[in-house]
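Good morning, and thank you for coming. Please take a moment to look at the sequence and the model before I begin.

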Amino acid sequence: MTTERKSMPSENGSVVEGDDPAPPSGGGGAPPEIELRPGAGVRLGSRPPGMSPPSAGGASSFGGGGGGHPPPPGLTSSSVNSTNFDDLADAFAGSFTVNNTPNDTNRPHPRFAQFKMKSSSLPQEERRKRLLNVQKQRRDDLVNHARCLAMGEFEEEENEQQQEEEEDMDTSTEYRQRRMQKSYKKQLMLSEWLVEVPDDLTTQWILILCPEGRRNFVVASNGITKVYSKNGKQVKKFPSNIPGGSRNQNRRNSYSILDCIFSEKEKIFYILDMMCWDGFQYYDCDTEFRMSWVQQKFIENRDQLMDNTRNHPYRFLPLPIYQCTPESIHSALNTAMPFQDKLDGLLIYHKHVHYMPGYTPLVGWLKGYMVPELLNIQVCDEIMAQRPSNYPGMKVMLKKDYERVEKLKEKERMEREGGSQEDSMEAA
């Protein structure tokens with residue numbers, strides 16, 4: 001994603017959407033045959049590969065149709081006959097996953113992570129609808145949360161390990177109430193690979209072209225501007241003309257929070273999103289409004305935000321917004337880029353999504369050279385030249401990446417087991 005990683009399989013190719021690739025959920029084994037169905041109206045199958053259909057008669061191995069063994073104590077013959085224990089075991093095995101982001105952009109694009117998640121993996125379209133309903137019912141104190149972020153009232157390490165363990169062990173659906181992190185970690189809204197093209201793509205989604213760079217969480221308050229990486233580490237501190245970001249502004253209670261991509265080459269923070277500006281929070285505002293408000297604020301403060309002096313070493317520039325019609329996408333990808341850096345990828349936002357830290361199917365990510373394959377829209381030769389020389393197409397690529405990630409998982413597992421054995425021997 002940018003922007004979230006330079007390697008092709010990640011959303012952020014160079015942009016740090018994830019510094020370390022995360023393996024897909026599910027165990028080892030040969031990857032299944034995967035059918036790609038690009039274009040409008042794409043849907044994943046209702047029964048993921050590997051899950052057998054229920055038996056016609058519903059009879060179990062315990063009998064009910066003839067000889068065989070009697071049912072175990074406590075189970076009646078009728079209840080046993082109504083359950084296929086093999087299918088039930090398969091369903092439980094497929095539904096148990098520790099990670100609730102099936103299309104995490106730190107994993108290769110786009111479908112092979114789906115086949116392991118049997119009954120628990122809903123199509124992106126269904127999860128999009130549920131998340132839109134959930135955000136209407138949120139009860140987080142967003143104003144207080146934004147103020148704590150701006151004033152630095154969060155203790156970075158407080159209960160962080162405990163919170164991560166609780167999240168890892170939670171196997172419920174991802175539509176539960178999301179708890180706001182009390183640190184600068186996991187504060188960015190991150191995208192999933194665009195697996196299914198939404199039916200309402202042309203009317204309810206907007207597009208941003210992302211340059212190569214590093215994804216950052218920018219907080220301007222108390223007369224200084226601090227920049228945090230995706231994992232919450234502070235990487236820069238400097239004065240800026242963002243409201244609250246310089247002592248010369250004489251704004252005592254002013255603060256701003258931005259979602260940016262930093263270009264080291266151009267010394268520019270490209271503004272993706274705006275969560276707070278001059279003490280006003282916009283977390284619970286629609287994306288379409290937040291994007292237009294960013295553009296408006298830049299017009300009002302252009303000279304200050306583009307100032308590049310010793311006192312203000314970095315500039316801030318919002319990225320342009322495009323409609324998701326075929327004509328608009330084609331024009332955007334066949335004309336000069338609105339930045340000097342190379343194109344990293346496309347971020348596609350649902351117009352009505354609020355800013356929700358964490359991964360969400362309401363923001364999609366796609367590499368430029370994948371657009372003709374998934375959206376059937378031609379792009380310029382310069383973008384197609386970014387395609388890896390050994391890129392065989394999505395379907396073949398997924399199998400290779402699956403095998404590569406499985407090898408990494410096995411290697412990490414063996415290293416952990418080896419370390420645990422050494423610790424046990426030392427303790428003994």
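Over which residues, for which the model has 17 contacts beyond four places in sequence, does pLDDT stay under 50? They are residues 77-83. The term pLDDT stands for the predictor's confidence in each residue, from 0 to 100, and a contact means heavy atoms within 4.5 Å. A second stretch, residues 41-52, also has pLDDT below 50, and beyond near neighbours in sequence it has 30 contacts in the model. For the chain, the mean pLDDT is 74, and 58% of the residues reach 70 or more.

Two remarks on conventions are in order. This is a predicted model, in which local features need pLDDT of at least 70 and side-chain atom pairs count only at pLDDT 80 or more, while totals for chains, interfaces and linings use all residues. Residues are numbered from 1 along each chain as its sequence is written, and side-chain values use heavy atoms, with hydrogens and water left out.

I turn now to the strands. Helices (H or I, at least four residues) and strands (E, at least two) are DSSP runs, numbered from the N terminus. Two strands pair if DSSP finds at least two bridges between them. Five-stranded and open, one sheet has the order β1-β12-β11-β2-β10, with mixed pairing. Its edge strands, each pairing on one side only, are β1 at 189-193 and β10 at 322-323. Within this sheet, β2 (residues 205-211) and β11 (residues 343-350) are antiparallel and share 7 bridges. Leu207 has Ile348 of β11 as its bridge partner.

Please move next to β3, β4 and β5. Strand β4, residues 224-228, runs antiparallel to β3, and 5 bridges join them. Here Val219 is opposite Lys226 of β4. The hairpin of β3 and β4 has 2 residues between the strands, and Asn222 takes a positive phi near 55° there. On to β5, residues 234-238: this strand pairs with β4 in the antiparallel sense, over 4 bridges. Opposite Tyr228 stands Gln234 in β5. This second hairpin, of β4 and β5, has 5 residues between the strands, and Gly232 takes a positive phi near 90° in the hairpin.

The next topic is charged pairs. Side chains of opposite charge can pair when their charged atoms come close. A salt bridge is a side-chain nitrogen of Lys or Arg within 4 Å of a carboxyl oxygen of Asp or Glu. By this rule, 12 salt bridges are counted. One of them joins Arg215 and Asp259, with the closest N and O atoms 2.7 Å apart. Because Arg215 lies in strand β3 (residues 214-221) and Asp259 in strand β6 (residues 255-263), the pair ties together parts that are 44 residues apart in sequence.

Are these two residues buried or exposed? For this, buried means under 20% relative accessible area, exposed over 50%, and partly exposed in between, with a 1.4 Å probe and protein chains only. Arg215 is buried at 1%, and Asp259 is buried at 0%.

Another salt bridge links Glu288 and Lys351, at 3.9 Å from N to O. Glu288 lies in helix α7 (residues 287-300) and Lys351 in the loop between β11 and β12 (358-366), so this pair ties together parts 63 residues apart in sequence. Glu288 is partly exposed, with a relative accessible area of 38%, whereas Lys351 counts as buried at 10%.

Lys367 and Asp344 also meet through their side chains, at 3.0 Å from N to O. Lys367 lies in the loop between β12 and α10 (371-375) and Asp344 in strand β11, so parts that are 23 residues apart in sequence are tied together. Lys367 is buried at 6%, and so is Asp344, at 4%. In addition, a network of salt bridges links Glu410, Arg413 and Glu417.

Let me finish with the helices. Buried in α7 are Thr287, Arg290, Met291, Val294, Lys297 and Phe298. Seen down the axis of α7, these buried residues fall within an arc of 125° (taken from the directions from the helix axis to the C-beta atoms), so they line one face of the helix. Among the elements that cover them are β1, β2, β7 (268-277), α8 (302-305), β9 (315-318) and β11.

Lastly, Arg127 is in helix α3, residues 124-136, and is buried, with a relative accessible area of 3%. The C-alpha atoms of Arg127 and Leu362 are separated by 8.5 Å, although these residues are 235 residues apart along the chain.
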